[in-house]
Amino acid sequence: PATAVTGIVKNSRVSAMASRCRLTARFHHVHGTNVRLDASRTRATRVESFANGLCFSQEPLAPGQIFLVEIEEKELGWCGHLRVGLTAHDPQSLEVVPEYSLPDLVNMGDTWVFAITRSHNRVMEDGERARAQGSPWEPFLLIERVRIPRDTLVGRSKPGRYSHILDDLFKMNVLPATARRSRIGVLYAPQPDGTADMHIVINGEDMGPSARRLPTTRPLYAVVDVFASTKSVRVIPVEYGFPSLQTLCRLVIQKHIVHRLAIDGLDLPPPLKSFCKHE
């Protein structure tokens, strides 16, 4: 009976988190002067220059709730990429939205922002070894006590004719951090001392605690700075629940193939082949 009650409580928490994520997976109506949002407020595009692209989540995040975006458009000619993080400032209270997240918004205090680069995004303290991330074939990403469905977190490229030859990451089908269709998220994980650690997740991989000892007594909003070479991003809703049988089958198929193009040779219905290749 105790086990059954525990299971019911856990399922209730998962359902509550899923509902919250669906409702809050869009941008705040307060944003930088160069940002244009679509009607659903799920897509943010910087229409001019390289700055004034600051965006916020519509609502403060719950503990363990990830705010996930996918890079939809890039713009050549600028140096720098997307910046993400958390702030305790209610966007509604800002008299003027800062031009930059770094350093302007950070200098206002109670803000923690991480600049995404092409590589080397992992944050480790001196002497700290990389923590086990778990197999990429596992259906969930675990960050301390937070359990997130991995499949939604991973951005994937479209398979090309010679992708398996040209791209060393083709088997995993994982994109570089700043590429188009890459998915980047931010969340905070509560700690025993009452504070929280901020984690950045890039294509299903936890980059480690980018900031520590964040206060949890104030609401924390996600910050997304559509900066420089990042032109447009889209919010991706994350379902906190059990993976579907279709997703589990895809994981098994992917685990036993050399690369995605090998899926074409399998005796599977065309729609399932496309699903397995994330097309």
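How much area does the protein chain expose, and what share of it do carbon and sulfur atoms supply? The protein chain exposes about 14,200 Å², with 56% supplied by carbon and sulfur atoms (Shrake-Rupley method, 1.4 Å probe). This is a predicted model: local features need pLDDT of at least 70, side-chain atom pairs count only at pLDDT 80 or more, and totals for chains, interfaces and linings use all residues. Residues are numbered from 1 along each chain as its sequence is written, and side-chain values use heavy atoms, leaving out hydrogens and water.

**Whole chain**
- The protein chain has 6 helices and 13 strands (DSSP runs: H or I, at least four residues, for helices; E, at least two, for strands; numbered from the N terminus).
- Of its 279 residues, 47% count as buried (under 20% relative accessible area, 1.4 Å probe, protein chains only).

**Strand β13**
- Strand β13 spans residues 230-236, and 6 of its 7 residues are buried.
- Strand β4 (residues 67-74) pairs with β13 in the antiparallel sense over 6 bridges (pairing needs at least two DSSP bridges).
- Lys74 stands opposite Thr230 in β13.
- Strand β2 (residues 43-46) also runs antiparallel to β13, joined by 3 bridges.
- Here Ala44 stands opposite Val233.

**Ser101**
- Ser101 lies in helix α2 (residues 101-107).
- Its relative accessible area is 0%, so Ser101 is buried.
- The side chains of Ser101 and Asp225 make a polar contact at 2.7 Å (a pair of N or O atoms within 3.5 Å; within protein, one must be able to donate a hydrogen and the other to accept it, and residues adjacent in sequence count only if both atoms are side-chain atoms).

Conventions. Buried < 20%, exposed > 50% of the residue type's maximum accessible area, 1.4 Å probe, protein only.
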